[in-house]
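Thanks for sharing this one. Here are a few notes to read alongside the coordinates, starting with strand pairing and ending with charged side chains.

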Amino acid sequence: MWVCGALWGTRAPARFQPRLLAVWRRHGRAASYSASAEHPRVRALVYGNHGDPAKVVELKNLALAAMGGSDVRVRMLAAPINPSDINMIQGNYGLLPKLPAVGGNEGVGQVVAVGSSVTGLKPGDWVIPANAGLGDSVIQNASNSGVGQAVIQIAAALGLRTINVVRDRPDIQKLSDRLKDLGAEHVITEEELRKPETKNLFKDMPQPRLALNCVGGKSSTELLRHLAPGGTMVTYGGMAKQPIIASVSLLIFKDLKLRGFWLSQWKKDHSSDEFKKLILTLCDLIYQGQLTAPACSEVPLQDFQQALGASMEPFMSSKQILIM
């Protein structure tokens, strides 16, 4: 969420704030909060129309509503710019907020005040938004993304071997070495994936039964061709903005399956306890050194245009993080 401060949890049960998930408690003095108690105002990146983020996103000073008994006031500390954030601003995402809207869906913040009936949180707690808008081998497409790098590490922690497909680029060897350091078994380009001899690269591995795809287009068709009979492709993004084309023969004679995954829908279909369990599982992997964050560039909030531009550059390998 691209805002310095926010008021969350209005009309939520005081015992539990469903829009906030506490990640850990930080002892000591709470972070400074610039808004006055009587007339709190915060800086936020707002868009009133869908379109090019560089043209429609503005930095504005907004007034916060008065605190209610079940409200929680949070000072955002940092928030990433993700592809889904860009898609929402452009107006081509599955979840679109009512306009005008504050950009961004993720981040970490610190509680600075709680309503009189809130018992689950206290000033100083660090929190993350709980909802948006507020032996086998795995083959994966677009593994240079932050999500892709996380999948490589999680798969390695689970004992799975991965084949990782990336777009060709000038620094391909550097990228390949970095992904292998994270746990990737093979790193190949989309062009190499189309070559018949590519299958010989994987003769020491079981034929992949799962493909994770966030690109779409022709490379997705090639991923399907390399899946084992009965295999599944799970698509969680469409960076190429091209359809996935699956031949009839692959569906009939290899019984391949196509599925989609959207984290926002998963969270709707699962309880808050299940989501918390998921987050804690990832935290355990981080504590154990099995999961690390992708390369990041910290950008002050007022330089948001620079961050937005960088996040839309091709082959951008550094996640843009807005610092509040």
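1. Strand β12 (residues 210-213) runs parallel to β13, and four bridges join the two. Within this pairing, Ala 211 has Met 233 of β13 as its bridge partner. Please keep in mind throughout that this is a predicted model.

2. β13 also pairs on with strand β14 (residues 257-260), again in the parallel sense and over four bridges. Here Met 233 stands opposite Leu 258 of β14. The chain gets from β13 to β14 through α7, in a β-α-β crossover that is right-handed. A right-handed β-α-β unit is also made by β12, helix α6 (residues 218-225) and β13.

3. Which way do the side chains of β13 point? Thr 232 and Val 234 go one way, Met 233 and Thr 235 go the other, and all of them are buried. In a regular strand the side chains alternate between the two faces of the sheet.

4. The surface carries a nonpolar patch that you may want to look at. Ile 244, Val 248, Leu 251, Ile 252, Phe 253 and Leu 258 form this patch, with about 610 Å² of accessible area together. Helix α7 (residues 248-253) gives the largest share, four residues. Leu 251 sits in helix α7, and its relative accessible area of 39% makes it partly exposed. Leu 258, the residue opposite Met 233, belongs to the patch too.

5. On aromatics, a search of the whole structure finds one pair. Tyr 93 and Trp 262 form it, edge-to-face, at 5.8 Å centre to centre and with 80° between the planes. The pair counts as edge-to-face because its planes are over 60 degrees apart. Both rings belong to partly exposed residues: Tyr 93 has a relative accessible area of 25% and Trp 262 one of 27%.

6. The structure holds five salt bridges; three are worth a comment here. Lys 122 and Asp 125 meet at 3.2 Å, N to O. Is Asp 125 buried or exposed? Asp 125 counts as buried, at 1% relative accessibility, whereas Lys 122 is partly exposed at 38%.

7. In the other two, each partner is partly exposed. Lys 257 bridges to Asp 255 with the closest N and O atoms 3.4 Å apart; the relative accessible areas are 36% for Lys 257 and 43% for Asp 255. Lys 60 and Glu 58 have their closest N and O atoms 3.8 Å apart, which still counts because the cut-off is 4 Å. Lys 60 has a relative accessible area of 35% and Glu 58 one of 42%.

Methods. Residues are numbered from 1 along each chain as its sequence is written. This is a predicted model: local features need pLDDT of at least 70, side-chain atom pairs count only at pLDDT 80 or more; totals for chains, interfaces and linings use all residues. Side-chain values use heavy atoms; hydrogens and water are left out. Patches are made of residues with over 30% relative accessible area and no salt bridge: like charges are joined within 9 Å, nonpolar side chains (Val, Leu, Ile, Met, Phe, Trp, Tyr) within 5 Å. Accessible areas come from the Shrake-Rupley method with a 1.4 Å probe; for residues, only the protein chains shown count as cover. A salt bridge is a side-chain nitrogen of Lys or Arg within 4 Å of a carboxyl oxygen of Asp or Glu. Buried means under 20% relative accessible area, exposed over 50%, partly exposed in between (1.4 Å probe, protein chains only). Two strands pair if DSSP finds at least two bridges between them. A crossover is right-handed if, with the strands pointing away from the viewer, the path from the first strand over the helix to the second runs clockwise. Rings of Phe, Tyr and Trp (its six-membered ring) pair if their centres lie within 6.5 Å; planes under 30 degrees apart count as stacked, over 60 as edge-to-face and the rest as tilted.
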